[in-house]
Amino acid sequence: MEKYPLKRTGSPLGNTSPTYQSVNKKYTNENNKALYTAYDDMIDITTSGGGEAAARSLDDDEAMQYSISYGGMQDSAEIPGIGQYDDFHTIDWQRDIAHDRMRHRYLVKKKQDSIWNLIQGVHDACSGWLCVLLVGLCTGVVAGLIDIGASWMTDLKFGICLQAFWLNQEQCCWSSDETAFDSGNCSHWYTWPEVLGSTNKGAGSYLVSYLFYIIFALLFAALSASLVRMFAPYACGSGIPEIKTILSGFIIRGYLGKWTLIIKSVGLILSVSSGLSLGKEGPMVHIACCIGNILSYLFPKYGRNEAKKREILSASAAAGVSVAFGAPIGGVLFSLEEVSYYFPLKTLWRSFFCALIAAFILRSINPFGNEHSVLFYVEYNKPWIFSELISFIGLGIVGGIIGTLFIKANIYWCRYRKLSKLGQYPVTEVLVVTVITAIISYPNKYTRMSTSQLIYLLFSQCGISNTDGLCDYNRNFTDVNSAIEIAEAGDGVHKAIFLLIMALLLKLGMTIFTFGIKVPCGLFIPSLCLGAIVGRIWGIAIEQMAFYYPKSWMFTGECSTGDDCITPGLYAMVGAAAVLGGVTRMTVSLVVIMFELTGGVRYIVPLMAAAMASKWVGDALGKQGIYDAHIALNGYPFLDSKDEFQHTSLAADVMQPKRNDMLSVITQDSMTVDDVEILLKETEHNGYPVVVSRESQYLVGFVLRRDLNLSISNAKRMVEGICGQSLILFTNGNPPQTLGPPPLKLKKILDMAPITITDQTPMETVVDMFRKLGLRQTLVTHNGRLLGVITKKDVLRHIKQMDNEDPSSILFN
Amino acid sequence: MRTYALIILVTWMSTTVLCQSLSDDKRCKCICPKVSIVTNNTEIVDGERIRYVANVPPNKCNCMDVVITKIANQLNGKEGEFCPRCQCKYENRNTTIIKVVVIIVIWIISVLVIYMAFLIILDPLLNKRMKGSYQEHTNEDEDSSPGPMSHDMTVRGNVLNRVGHQQDKWKRQVREQRRNIYDRHAMLN
């Protein structure tokens, strides 16, 4: 019996083929028997192997061995549900990866047998790439759908293109000629007052427009909130904290399902169009992960194996960011830096491929008509002065402060919502927030336009085609190709700055209350917008300084030629990166996303400086980024691999049971079905160690509660003669006595390679094992005898306790 | 609901009077100051811009080919001075995709809204009538093991039954999700 686990535990992660080979050899080579001295081993071999019989049909025997011992594909077909997990449970990475390896080995063995098996083998080998290809395709298409739908519906708040209702304002005026540009209006596009028959001028029509704006905002938000409530409550929020938790090995059933996908996509279109202060980038990651989860069911290799499925989900997350920002590399790095937990190189390449496909598809759909996959793509090629780096670092510091402020306020508000009566009125809350946002937003033209358009405006340079108040300088354009001259700011700029400051305050305030309401809502766009406003104002200030004091030491003589040496748009970009960095605490992926947005490698250093400064300041003021803060608020069982465990406790302090309790164990061959059912009823553990006998407490393996339940109920139905008095055997042999009802053999559900530690192991090591190996539980032994169990829940609680937080807040089963 | 009525009306209208110019998929857009900036020297740029759009091949997307052909008579030979102030950009789009996508989005939203209305208004009425059988049905299903019992049922029941069974399962899941989020506030706060 014990020689299996002994052989396997040697290298649970390494290449196992030699060990299995040797295990199989023992059936053919009778001499090997002598090596094993334990008496039940002898029984084992004589009963199941039987020398010649095994030698005759080696292949069949091997196949059976795999399927029986390690629950491969055949096994899960036998008892439905074995090898899967319940809702709100943690997965066992080790077990799932071992399952996959066995399945793979079985396929490789079978490959030589027939053409069909060969095809199966090839299909299995390429199914990972095929799956991410499909995920990329679907993500691109869905993102295109959302982009086009949202831009159309956003403009529906202002008017309609009567001749072709499916066009938004920009598209409606696509080929109309010689219009005065600043109003952006044309004869095909009818504003709502015009539809109702009045003119476009005067206070009356302003009021009608205002009213329509509010009504449409309210309608969209109400639809979004009620669809979410009715069909898929899991579709609300940004989804990134939950995706992080799921990727770290947690099961939330239905979180990545079909309905969540549909409702999140539709709800996202509606909530973005309602003018709320939210973005569609974070939810896009959730949508991509839903697609990844749904498509992985086409490939049993991934669909049935939770650990393998997470490889596909990591790639999907990359595709999500890739389509959200048109930044494939940024997406891969985001998946690596921010969401993924287990990220082998294989997944890196697949993520790369998936992000590439998704970006390509979205780009060919061309949702914004600007040949890019985001609305606020800008192209820059202006140099920056070295001394500007000080300003950029300053922006980074401001970004860190705004980010921390935002996190603190938002978490406070979310906690208030969670604990107070406010949480009982989710739809009303959405409506109230929408009405307030709409009423305050409309009068200010910078908040009236969609946030992406505002970001685009703030990022772009003041060229000849830009007639906004922000570009009202006292300058004269004579040639588009020559450099823009530096000029004094006109009245328009001052007015724009005032409006922008109002917009900043409004956006900051509204985003705090918006992030967390029960509609799909993301955080990237509002944070980018906040940063862009701050950066633009800062940039204009520096620019005016350069105009009035061109000889100052700050500009190292570069501004004395009369060219516009300072680009406020660049400051807006750096500011956007800084605030986003302060909110999410991303660094590498953020910089890459930003530079993919602008297509200029030249600005990597400013962006890096700002992102770094913002992270430092943010980390100094508050420990967690917004996603980690939300994970902590919700109490998801997320064992952060970034934190360090700095306490000196030992495994014995954390282990269950405590000093005077009894450890619930199952013996390998002396408990009846009734005994086990009583044990299952009386205790609530999710798994039980199996020991040789209660007296010796020598460990045999570990069996999960779910598997035990399923197998017993299955056996009672399917196998004749199984009753309450049947013995449950975790051994291969028959019981000593042959009287009474037939025994129930459950060796196939026994995990014979549980990870064990001794009671004197420092918790630092234990926590590391949990993080790096993705354990679900570990068994604690003392002098070789089983002493207790440490589960992930115990570890998380212990960490909370050590950090003086409430350990009971963790959501877990 | 009012929007949908309007949209249906507009669809109807648009099929009859679809203007050719709205379905152009390529354009060259030039943005220029007013012509008076070169003809009348006293005036400086007042922020006003005019845009000129033409459907020309990409290599002809420049001021000379797009703008000057339209306003040559106003410029009095000052093209050389006017043209550098114009910015031209070639753009393309696909109206068919936009049309299809927007119609799909409207369809999905309408279907969902109708289904939601059905679930809110009609379903409680229907369920009240079939309370007895429905209750039994639920209990049977609560026995979560998908063994021979559920197998039997799928074989016995017709397609409608199966759909109803799936729907009940889904409803239970949504109820569970609602309890987690809206009542217990355990998740997604």
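These legends describe close-up views of a predicted model.

**View 1. A buried salt bridge sits within helix H7 of chain A**. Asp100(A) pairs with Arg103(A) in a salt bridge. The closest N and O atoms of the two are 3.0 Å apart. Both residues belong to helix H7 (residues 93-110) of chain A. They are three residues apart, about one turn of the helix. Asp100(A) is buried, and Arg103(A) is buried too. An α-helix has 3.6 residues a turn, so residues three or four places apart point the same way.

**View 2. Salt bridges link six residues of chain A in a network**. Asp100(A) and Arg103(A) from the previous view are members. Asp124(A), Lys308(A), Glu311(A) and Arg350(A) belong to the network as well. Over all chains, the structure holds 23 salt bridges. Side chains of opposite charge can pair when their charged atoms come close.

**View 3. A salt bridge joins Glu429(A) to Arg417(A)**. Their closest N and O atoms lie 2.9 Å apart. The pair links distant parts of the chain. Glu429(A) is in helix H20 (residues 426-441) of chain A. Arg417(A) is in helix H19 (residues 388-419) of chain A. The two residues are 12 residues apart. Both Glu429(A) and Arg417(A) are buried.

**View 4. Asp768(A) and Lys772(A) form a salt bridge in helix H32 of chain A**. The closest N and O atoms are 3.3 Å apart. Asp768(A) and Lys772(A) are separated by about one helical turn because they are four residues apart in helix H32 (residues 763-773) of chain A. Asp768(A) has 30% relative accessibility, so Asp768(A) counts as partly exposed. Lys772(A) has 63% relative accessibility and therefore counts as exposed. The cut-off for exposed is over 50%.

**View 5. A nonpolar patch lies on the surface of chain A**. Ile393(A), Ile397(A), Ile401(A) and Leu621(A) make up the patch. Together they have about 320 Å² of accessible area. H19(A) gives the most to the patch, with three residues. Ile401(A) is placed in helix H19 of chain A. At 40% relative accessibility, Ile401(A) counts as partly exposed.

**View 6. Strands S4, S7 and S8 of chain A form an open sheet**. The order is S4-S7-S8, and the pairing is mixed. Strand S4 (671-672) and strand S8 (744-745) of chain A stand at the edges. Each has a single partner strand, so one side of each is left without a neighbour in the sheet. S4(A) and strand S7 (residues 727-729) of chain A run antiparallel and are joined by two bridges. Thr672(A) has Leu727(A) in S7(A) as its bridge partner.

**View 7. Strands S3, S5 and S6 of chain A form an open sheet**. The order is S3-S5-S6, with mixed pairing. At the edges stand strand S3 (666-667) and strand S6 (699-704) of chain A. One side of each is left without a neighbour in the sheet, because each has a single partner strand. Two bridges connect S3(A) with strand S5 (residues 687-691) of chain A, and these strands run parallel. Opposite Thr667(A) stands Val691(A) in S5(A).

**View 8. UniProt places a feature named "domain: CBS" in chain A**. The unreviewed entry puts this feature at residues 750-808. Over residues 750-808 of chain A, the chain is 37% helix and 27% strand. The end C-alpha atoms are 31 Å apart.

**View 9. Chain B has eight helices and three strands**. Along the sequence, its pattern reads α-β-α-β-α-α-β-α-α-α-α. Of the 189 residues of chain B, 39% count as buried. At residues 97-122 of chain B, UniProt places the feature "transmembrane region" (unreviewed entry). In the model, that span is 100% helix and 0% strand. Its end C-alpha atoms lie 36 Å apart.

**View 10. Helix H8 of chain B spans residues 159-183**. The helix has 25 residues. From first C-alpha to last, H8(B) reaches 35 Å, close to the 36 Å expected at 1.5 Å a residue. Buried residues in H8(B) include His165(B), Asp168(B), Trp170(B), Lys171(B) and Val174(B). Gln177(B), Asn180(B), Ile181(B) and Tyr182(B) are buried as well. His185(B) follows H8(B) and has a positive phi, near 55°.

Key
Residues are numbered from 1 along each chain as its sequence is written. Chains are lettered from A and ligands numbered from 1 in the order in which they are written. This is a predicted model: local features need pLDDT of at least 70, side-chain atom pairs count only at pLDDT 80 or more; totals for chains, interfaces and linings use all residues. Side-chain values use heavy atoms; hydrogens and water are left out. A salt bridge is a side-chain nitrogen of Lys or Arg within 4 Å of a carboxyl oxygen of Asp or Glu. Buried means under 20% relative accessible area, exposed over 50%, partly exposed in between (1.4 Å probe, protein chains only). The expected span of a helix is 1.5 Å times one less than its number of residues. Patches are made of residues with over 30% relative accessible area and no salt bridge: like charges are joined within 9 Å, nonpolar side chains (Val, Leu, Ile, Met, Phe, Trp, Tyr) within 5 Å. Accessible areas come from the Shrake-Rupley method with a 1.4 Å probe; for residues, only the protein chains shown count as cover. Two strands pair if DSSP finds at least two bridges between them. UniProt positions are given in the numbering used here, feature names are shortened, and annotations may be inferred rather than shown by experiment.
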